[in-house]
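This report walks through one protein model, from its sheet to a few single residues. Keep the sequence and the 3D view open while reading.

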Amino acid sequence: MTEVDELRESALKEIKNTKDLNDLQRVRSEYLGRKGKVTFLLKKIREIPPEERKEFGRKVNQLKEEVEELIKEREKELKEREIEEELEKEWEDLTIPPFRPVGSLHPITLTLRRILRIFTAMGFTVREGPEVELESYNFDMLNIPPDHPAREMQDTFYINKEGYLLRTHTSPVQIRTMLEEKPPIQMVAPGKVYRRDDDPTHSPMFHQVEGLVVSEDASFPQMKYTIETFLKEFFQQDLPVRLRTSYFPFTEPSAEVDIGCVICGQKGCRVCKETGWLEVMGCGMVHPQVLENCGIDSDLYQGFAFGMGVERLAMLYYRIDNIKIFYENDLRFLRQF
Ligand code: PHE
């Protein structure tokens, strides 16, 4: 009987001192395992003289239940402690001030966003197309025949894949849109374009925003009003705007848009080459053949389109005279925006 009491004592102590679940497993087999101390006593019941056997058996069985119960309780305790320790490790201080990004948006990003904000306010949706474009979308479908000067190697970056090139303008997004959507269409397409051009006002990569409206009643006056409204909003002044006749294979009639020089107020300066006018975009009524190329009935629908250079507008707006400065990432420049 004292053996049973002693065993209870030692089991209690050991269970209480276990430091983790592994340790508890060890104690469990030490007492309750096949060769465990309690199991040993259980087997011994048979050898006890009959008059003491019942009492001894009851005590040993009670001990077994007690030890099982204690282990179960300790197991629960240890599991809870493990979870708590895990939570403690993962604890985050939510009162620490948030990460504050250093730096600012690039002037081209700012200009692009401003342009898109004006057009979306006028009801235009925003469309994007790939920079590696099908030659047919960039040229053929836009009515630019294979012998057109714009196709010459000096202008276009061709790539090692037959039928593909780096788009030279955002106009192929017109084609993509008209192939995918039925009129009425009213979209703008921002993005990078590539040309073999390199001087203080031209960069081999630059950004354009294209505009396209196709509907039953799209008209030249609508186009002029849209462009004028945009330009006045963009430059935040009541600018003089004029259309000058021009030529693009994919529009007819075509025009170039000039604004009164924002640098000299039309007095004549280096930037406007003493003319008082600055050319800022191309535009025109979508050529009926281009509509037909995209499966749009040119007897029922008309369209107008325009395309502008984002760097050009940014240079005029911020009064920057060299396009290269946008791509040098000189912090003294970038910090001004
Ligand atoms: N895609 C022409 C260019 O890059 C601009 C343009 C767009 C002209 C739409 C007319 C209509 O020069």
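Contact here means heavy atoms within 4.5 Å. Axes are lines fitted to C-alpha atoms, for helices over the stretch in contact, and angles between N-to-C directions run from 0 to 180 degrees. The model is predicted.

**The sheet and its helices**

Start with the sheet. Seven strands form an open sheet with mixed pairing, in the order β1-β4-β5-β9-β8-β7-β6. Strands β1 (125-126) and β6 (241-248) sit at the edges, and each pairs on one side only. Strands of a sheet pair through backbone hydrogen bonds, either parallel or antiparallel.

Helix α7 (residues 172-180) lies across four strands: β4 (185-194), β5 (205-215), β8 (277-286) and β9 (302-309). The direction of α7 makes about 140 degrees with that of β4. Helix α10 (residues 310-318) also packs on the sheet. Its contacts are with β5, β8 and β9, and its direction is at about 55 degrees to that of β9.

**Around strand β7**

Now take the β6 end of the sheet. Strands β6 and β7 form a hairpin, with 2 residues between them. They run antiparallel, and 7 bridges join β6 to β7 (residues 251-260). On its other pairing, β7 meets β8 in the antiparallel sense over 8 bridges. How well covered is β7? Mostly: 8 of its 10 residues are buried.

The table gives residue pairs that stand opposite each other along these strands.

| Residue | Opposite residue | Strand of the opposite residue |
|---|---|---|
| V241 | I259 | β7 |
| L243 | V257 | β7 |
| S246 | S254 | β7 |
| T251 | V286 | β8 |

**Q302 in strand β9**

Q302 is found in strand β9. Is Q302 buried or partly exposed? Its relative accessibility is 41%, so Q302 counts as partly exposed. Buried would need a value under 20%, and exposed one over 50%.

S215 lies 87 residues away from Q302 along the chain, yet their C-alpha atoms are separated by 5.7 Å. S215 is also one of the contacts of Q302, beyond neighbours within four places in sequence. The others are V213, V214, E216, A218 and L291.

**Helix α2 and its surroundings**

Next, a helix. Helix α2 covers residues 21-32. Does its length agree or disagree with the expected span? At 1.5 Å a residue, its 12 residues should span 16 Å. The rule multiplies 1.5 Å by one less than the number of residues. The end C-alpha atoms of α2 are 16 Å apart, which agrees.

Which residues of α2 are buried? They are D23, L24, V27 and Y31. Seen down the axis of α2, these buried residues fall within an arc of 100 degrees, so they line one face of the helix. Their cover includes α1 (2-17), α3 (37-44) and α4 (50-90).

The N-terminal end of α2 is capped by D20. A side-chain oxygen of D20 lies 3.2 Å from the backbone nitrogen of N22.

T18 lies in the loop between α1 and α2. At 2% relative accessibility, T18 counts as buried. Its side chain reaches the backbone oxygen of I15 at 2.7 Å. Not counting residues up to four places away in sequence, T18 touches D23, L24, V27, R74 and L78. Among these, D23, L24 and V27 belong to the buried residues of α2.

**R151 in a loop**

Last comes an arginine. R151 is found in the loop between α6 (135-138) and β3 (164-166). Why does R151 count as buried? Its relative accessibility is 11%, and the cut-off for buried is under 20%.

The side chain of R151 has two listed polar partners. One is the side chain of D140, in a polar contact at 2.7 Å. Another is the backbone oxygen of I144, reached at 3.2 Å. Both D140 and I144 appear among the contacts of R151, which leave aside neighbours within four places in sequence. The list also includes E135, F139, P145, P146, T156 and Y158. T170 is 19 residues from R151 along the chain, and their C-alpha atoms are separated by 15 Å.

Notes:
Residues numbered from 1 in each chain as written. Predicted model: local features only at pLDDT ≥ 70, side-chain atom pairs only at ≥ 80, totals over all residues. Heavy atoms only, no water. Pairing = 2+ DSSP bridges. Buried < 20%, exposed > 50% of the residue type's maximum accessible area, 1.4 Å probe, protein only. Arc of directions from axis to C-beta. Polar contact = N/O pair within 3.5 Å; in protein donor to acceptor, adjacent residues only side chain to side chain.
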